[in-house]
Amino acid sequence: MPIVATDIHFRLSGGAANSNQNAALGGAKSTTTDASASLFDDVTGAESAAGDTEYRGIYVSNEHGTLAYLAPRVWVSPDTPSPDTDADLALALEGVNVAMATIADENTAPASVTFANTAISYATGLTIPDIPAGQYKGVWLKRVVNAGAAAYADSFTVNVQGDTNP
Amino acid sequence: MTEAEKFEEAQRPPPQCEKAAEDVLRQIEESYNTVAKAEGRDKEILLDRAKWHGIHAYRYEILDDGSVIALYSHQPGELKIKAFDDMEDASLWSPRDER
């Protein structure tokens with residue numbers, strides 16, 4: 001049976017038992033929690049006044065029993081509607097099935113990963129190497145809120161799509 | 001003067017970061033190709049992004065003395081270097097600040 005959507009999950013980083021989105025700062029893949037809920041916390045008035053830059057690490061996890069997830073791509077869509085915010089993506093430095101490095105806190109960037117801001121659809125997404133069955137690949141997200149950003153019902157969604165053998 | 005400041009002044013990547021610099025240049029070229037080839041709604045979104053934030057690729061590298069450089073680019077073939085005291089300092093920055 002080919003890979004179907006329910007075989008592919010976004011998992012938090014932060015350790016095998018982590019279920020806290022705010023603690024998804026790299027490290028081992030969580031086996032308990034999908035990263036499909038809000039990855040970033042709300043921006044407070046003080047944070048938007050001063051500007052706020054935060055980072056999260058998540059995994060694309062292929063949980064099919066036998067088949068590899070072929071040439072998956074990851075992107076952000078819909079994009080942040082506010083002109084005062086932006087989301088950048090980077091593939092983790094570590095290879096497939098290797099835990100991402102851990103960052104000191106949510107305001108500290110991961111070193112040695114290349115961020116880009118043009119991954120907004122499948123056609124423009126960042127290409128991940130094939131992910132064998134039961135394995136995963138790390139992705140870093142960076143959310144930027146400009147100083148003085150106006151209040152906004154803002155959000156963005158991370159997507160992944162790949163191919164499968166029958 | 002920190003290691004990072006020396007490389008910012010020279011606007012040349014450290015020898016150990018040459019592959020990192022190549023990766024930034026590869027990514028910015030890929031991003032521009034992406035924008036050039038995009039159609040319809042993708043094109044609109046990317047042009048909005050370019051207007052609001054610029055198109056950019058970048059990464060942070062920690063040097064031997066703990067100082068940090070950002071290798072960044074807004075244009076294919078053009079690499080820039082910015083120095084920071086440490087990663088905490090660097091993490092608040094992005095190339096949209098340099099437009």
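**Figure 1. Phe115(A) pairs with Tyr58(B) across the two chains.** In this predicted model, Tyr58(B) is the bridge partner of Phe115(A). Tyr58(B) belongs to strand 1 of chain B. That strand pairs with strand 5 of chain A, residues 115-116. The pairing is antiparallel and runs over two bridges.

**Figure 2. Chain A and chain B meet over an interface of about 2,300 Å².** The size of an interface is often given as the accessible area lost when the parts come together. Here carbon and sulfur atoms account for 49% of the buried area. Chain A puts 30 residues into the contact, and chain B puts in 27 residues. The interface of the two chains holds 23 residue pairs in polar contact, with both residues at pLDDT 80 or more. On the side of chain B that touches chain A, four elements give two or more residues: helix 2 (18-37), helix 3 (40-52), strand 1 (57-62) and helix 4 (87-91). By class, that side of chain B has 13 nonpolar, eight polar and six charged residues.

**Figure 3. Arg49(B) forms salt bridges with Asp79(A) and with Asp86(A).** Side chains of opposite charge can pair when their charged atoms come close. For Arg49(B) and Asp79(A), the closest N and O atoms are 2.5 Å apart. Arg49(B) sits in helix 3 of chain B, and Asp79(A) in the loop between strand 3 (70-76) and strand 4 (85-91) of chain A, so this pair joins two chains. Arg49(B) and Asp79(A) are buried. In the salt bridge between Arg49(B) and Asp86(A), the N to O distance is 3.1 Å. Across the interface of chain B and chain A there are four salt bridges.

**Figure 4. Arg143(A) and Asp52(A) form a salt bridge within chain A.** Their closest N and O atoms lie 3.5 Å apart. Arg143(A) is in strand 7 (residues 136-145) and Asp52(A) in strand 2 of chain A, so the salt bridge ties together parts 91 residues apart in sequence. Arg143(A) and Asp52(A) are both buried.

**Figure 5. Asp41(A) forms a salt bridge with Arg56(A).** The closest N and O atoms of this pair are 3.8 Å apart. Asp41(A) lies in the loop between strand 1 (8-12) and helix 1 (45-50) of chain A, and Arg56(A) in strand 2 (residues 52-62), so the pair ties together parts that are 15 residues apart in sequence. Asp41(A) is partly exposed, because its relative accessible area is 25%. Arg56(A) has a relative accessible area of 0%, so Arg56(A) counts as buried.

**Figure 6. Shared partners link salt bridges of chain A into one network.** The network joins Asp41(A), Asp52(A), Glu54(A), Arg56(A), Glu106(A) and Arg143(A). It includes the pair of Asp41(A) and Arg56(A), along with the pair of Arg143(A) and Asp52(A). Over all chains, the structure holds 18 salt bridges.

**Figure 7. Lys37(B) is an exposed residue in helix 2 of chain B.** Lys37(B) counts as exposed because its relative accessibility is 67%, over the 50% cut-off. Lys37(B) and Glu98(B) are 61 residues apart along the chain. Their C-alpha atoms are separated by 26 Å.

Note on methods:
Residues are numbered from 1 along each chain as its sequence is written. Chains are lettered from A and ligands numbered from 1 in the order in which they are written. This is a predicted model: local features need pLDDT of at least 70, side-chain atom pairs count only at pLDDT 80 or more; totals for chains, interfaces and linings use all residues. Side-chain values use heavy atoms; hydrogens and water are left out. Contact means heavy atoms within 4.5 Å. Buried area is the accessible area (1.4 Å probe) that two parts lose on being put together, summed over both. A salt bridge is a side-chain nitrogen of Lys or Arg within 4 Å of a carboxyl oxygen of Asp or Glu. A polar contact is a pair of N or O atoms within 3.5 Å; within protein, one must be able to donate a hydrogen and the other to accept it, and residues adjacent in sequence count only if both atoms are side-chain atoms. Ala, Val, Leu, Ile, Met, Phe, Trp, Tyr, Cys and Pro count as nonpolar, Asp, Glu, Lys and Arg as charged, and the others, Gly among them, as polar. Two strands pair if DSSP finds at least two bridges between them. Buried means under 20% relative accessible area, exposed over 50%, partly exposed in between (1.4 Å probe, protein chains only).
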